[in-house]
Amino acid sequence: MKYALVTGGSRGIGKAVCLALSETGHHVIINYRSNHSEASDTLNKIRTGGGSGELLQFDVADKTSVDAALDAWMAENKGKTITVLVNNAGIRNDALMMWMREEQWKAVMDTSLNGFFYTTQKLLIPMMANKFGRIINIVSLSGLKGLPGQTNYSAAKAGVIGATKALAQEIARKGVTVNAVAPGFIRTDMTKDLPEQEIVKLIPMQRFGEASEVADLVAFLASEKSSYITGEIISVNGGIY
Ligand code: NDP
């Protein structure tokens, strides 16, 4: 059995990633912060498709919460190694920099950047000992080009992009790859308040992407087929440059 942990697996891109990893034979550990019913829906869909999974609630932004949940999982599952980690949990809290409150800055940094650190560091040594691992970070177009109104979000995602490149080089010899996927505009709860008809004019494919279109790339990066790819940031954005 191959074990995969997806943070933020209750909704949106994370839910689609859970389903895609289940289809490729993983037992999926579905993390979420508070939406238990949507997390249960992800698990039900996995089971309906003949797969297996479990729920693991923790707040990626809180080191104590991450440590407690993952220590408990490892204690209950001795001899099993989580070989695929998808750092997907993320939030937006947009404001122009001149009006941004410190809490808005911190909440977004704590979730994307610190959440990446807390969760990844916890699973890194077992993955290296196992001599096979896949770490996939969901970043953003915003972290590559910067988007106005999102200095917090752009900084957090750019931070994860830098960390992806650095960590990939640290552990390449250990059979553990580290890559990032940078979605553009994907139709999820996170983008439902955006003016889609205006934004699509800026996208060469003239549409928002679907979560499954991101998940298919994540499933490939999580597989043994991606063995010589590490430190890459791959965009899934309908042609925006
Ligand atoms: P959604 O808002 O649809 O879902 C967010 C998910 O993250 C939920 O499962 C939520 O859990 C979880 N989450 C949020 N905060 C925490 C936390 N502190 N601890 C644990 N889980 C948490 O977002 P998307 O699916 O759209 O986004 C997924 C990722 O993709 C994010 O990192 C986002 O930044 C990135 N992205 C999205 C784009 C888009 O267009 N949608 C574009 C570029 C990047 P719960 O349900 O419990 O609240």
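This report covers the ligand site, the largest pocket and the largest cavity of a predicted model.

**The ligand and its shell**

The ligand is surrounded by 31 residues. Closest to the ligand are Ser10, Ser34, Asn88, Tyr153 and Thr188. By type, the shell around the ligand splits into 13 nonpolar, 13 polar and 5 charged residues.

Three backbone contacts to the ligand are listed below. Each pairs a backbone N or O atom of the protein with an atom of the ligand.

| Residue (backbone N or O atom) | Ligand atom | Distance |
|---|---|---|
| Ser34 | oxygen | 2.7 Å |
| Val60 | nitrogen | 3.0 Å |
| Gly184 | oxygen | 3.3 Å |

Ser34 thus appears twice: among the closest residues, and with a backbone atom 2.7 Å from a ligand oxygen.

How much of the ligand's accessible area does the protein cover? On its own, the ligand has 910 Å² of accessible area, and the protein covers 97% of that.

Which elements give two or more residues to the shell around the ligand? They are helix H1 (12–23), strand S2 (26–32) and helix H6 (151–171).

**The largest pocket**

The ligand takes up the space of the largest pocket. That pocket has a volume of about 970 Å³. Its lining counts 41 residues. Nearest the pocket centre lie Gly90, Ile91, Arg92, Thr188 and Met190. Thr188 is also one of the residues closest to the ligand.

H1, S2 and H6 return here, each with at least two residues in the lining of the largest pocket. Helix H5 (141–145) also supplies at least two. H1 gives the largest share of this lining, 3 residues. By type, the pocket lining holds 18 nonpolar, 16 polar and 7 charged residues.

**The cavity**

Rolling a probe the size of a water molecule over the atoms shows where empty space is left. How many cavities of 30 Å³ or more are there? The count is 1. The largest cavity holds about 90 Å³ of space.

This cavity is lined by 13 residues. Those nearest the cavity centre are Asn87, Asn88, Ala89, Ser112 and Phe116. Asn88 links two parts of this account: Asn88 lies nearest the cavity centre along with four others, and Asn88 is among the residues closest to the ligand.

Helix H4 (102–130), strand S5 (133–138) and H6 each put at least two residues into the cavity lining. H4 makes the largest contribution, with 4 residues. H6 also supplies at least two residues to the lining of the largest pocket. The cavity lining is made up of 5 nonpolar, 7 polar and 1 charged residues.

How values were computed
Residues numbered from 1 in each chain as written. Predicted model: local features only at pLDDT ≥ 70, side-chain atom pairs only at ≥ 80, totals over all residues. Heavy atoms only, no water. Near = heavy atom within 4 Å. Polar contact = N/O pair within 3.5 Å; in protein donor to acceptor, adjacent residues only side chain to side chain. Areas by Shrake-Rupley, 256 points an atom, 1.4 Å probe, with all protein chains shown as cover. 1 Å grid on protein atoms, 1.4 Å probe; cavity = no way out; pocket = protein on both sides within 12 Å on 5 of 7 lines; lining within 4 Å. Sits in = over half its atoms within 2 Å of the grid points. Nonpolar A, V, L, I, M, F, W, Y, C, P; charged D, E, K, R; others polar. Points joined across faces, edges and corners; volume = space filled by probe spheres on them.
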